[in-house]
Amino acid sequence: MTGYDDRDGKIWMDGQLVDWRDANVHILTHALHYASSVFEGERCYDGKIFLSRKHSERLLKSGELMDMEIPYSVDQIETAKQAVLDANGLDNAYVRVVAFRGAGEDMGVASARNPVRMAVAAWEWGNYYGDAKMKGAKLDIAKWKRPSPDTIPTAAKAAGLYMICTMSKHAAEAKGCSDALFMDYRGYVAEATGANVFFVKDGEVHTPDPDAILNGLTRQTVIKMLEERGIKVNVRHIMPEELEGFEQCWLTGSAAEVTPVGQIGDYTFEVGQLTREIAEGYEKQVRS
């Protein structure tokens, strides 16, 4: 399998399509040194990006939260995404939009004089967790904690927030797991490295309050699906010891979609009827 830097195709950069292999930045790009970057991960189904405008709106909001004004409108971002899909002949794909501080007059922590750049790429990508879609993912429990909103804008989909995600997923994979579950800075159950988490007990659903984590668009979609089915959704702080009493569990995210979880640490869960129904219902909705 070729690396992501060595492929045929087109990537949109700063207003124009360029050859995939030529989509490069300078080594003194500010984002490379100081994580001054925000991004969106989206999926295109049968030629239509699910919740595309909401993703574009969130990208701009993330930039605002990170004191990084992105010089493109929602409509311009939408046009760029479609141009990439068309140029690469993709109807079913993962779409990555990234905005970042480029190289410029500043190379210290401050970067107000450096341009904010944007790029869009898309590629075919299967199930994020492989065969876990059928049998349930196995998760480790991360040693790191999701940070307080007082330390960083946790509502932004910012690159810096994913540093501990990379370390935690590496540690999980070394143990034979697919991913890791974080607690937050207070000790409450938070999220996985790139997905929100849901639990089922006695016919009701429980999911962490997103007061210190990203309120995912897939998370919001699934909550609405559950409520439309008349299922009570408890959005609340969840203590780690409660994991023992939950019967089912699943993850949600644009990349993860709806993925059942079979195990978190020493706790096991069944891939039950509600989990399957929500996964199937989500699959139908994104293609409707």
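How many helices and strands does the secondary structure of the protein come to? The answer is seven helices and 15 strands, where helices (H or I, at least four residues) and strands (E, at least two) are DSSP runs numbered from the N terminus.

This is a predicted model, in which local features need pLDDT of at least 70 and side-chain atom pairs count only at pLDDT 80 or more, while totals for chains, interfaces and linings use all residues. Residues are numbered from 1 along each chain as its sequence is written, and side-chain values use heavy atoms, with hydrogens and water left out.

**Figure 1. Overall view of the protein, with a C-alpha trace that spans about 55 × 40 × 35 Å along its principal axes.** The radius of gyration of the protein is 19 Å, close to the 19 Å that the globule rule gives for 288 residues, so the protein is as compact as a globular protein of that length; the radius is taken over C-alpha atoms, and the rule is 2.2 Å times the number of residues to the power 0.38. Of the 288 residues, 49% count as buried, a term that means under 20% relative accessible area, with exposed meaning over 50% and partly exposed in between (1.4 Å probe, protein chains only). Among contacts with a separation of 6 or more, 67% come from residues 24 or more positions apart, contact meaning heavy atoms within 4.5 Å. The protein exposes about 13700 Å², of which carbon and sulfur atoms supply 49%, as computed by the Shrake-Rupley method with a 1.4 Å probe.

**Figure 2. Close-up of E257 in strand β14, which covers residues 257–264.** E257 counts as buried because its relative accessibility is 6%, and its side chain is joined to that of Y45 by a polar contact of 2.5 Å, that is, a pair of N or O atoms within 3.5 Å of which, within protein, one must be able to donate a hydrogen and the other to accept it, residues adjacent in sequence counting only if both atoms are side-chain atoms. Leaving aside neighbours within four places in sequence, E257 is in contact with R43, Y45, N127, K133, T218, L251, T252, Y282 and E283. Between E257 and G216, the C-alpha to C-alpha distance is 11 Å, across a sequence separation of 41 residues.

**Figure 3. Close-up of T252 in strand β13, which covers residues 248–253.** With a relative accessibility of 1%, T252 counts as buried. When residues up to four places away in sequence are not counted, T252 touches A195, N196, F198, T218, R219, V222, E257 and V258.

**Figure 4. Close-up of N234 in strand β12, which covers residues 233–236.** N234 has a relative accessible area of 15% and is therefore buried. Not counting residues up to four places away in sequence, N234 touches E204, V205, H206 and T207.

**Figure 5. Close-ups of D14 and D67, at loop positions between β1 and β2 and between α2 and α3, respectively.** Most residues other than glycine have a negative phi. Phi of D14, however, is near 50°, a positive value, and D14 is partly exposed, with a relative accessible area of 31%; the flanking strands are β1 (10–13) and β2 (16–19). D67, also not a glycine, has a positive phi of about 55° and counts as exposed at 63% relative accessibility, in the loop that runs between α2 (52–65) and α3 (74–88).
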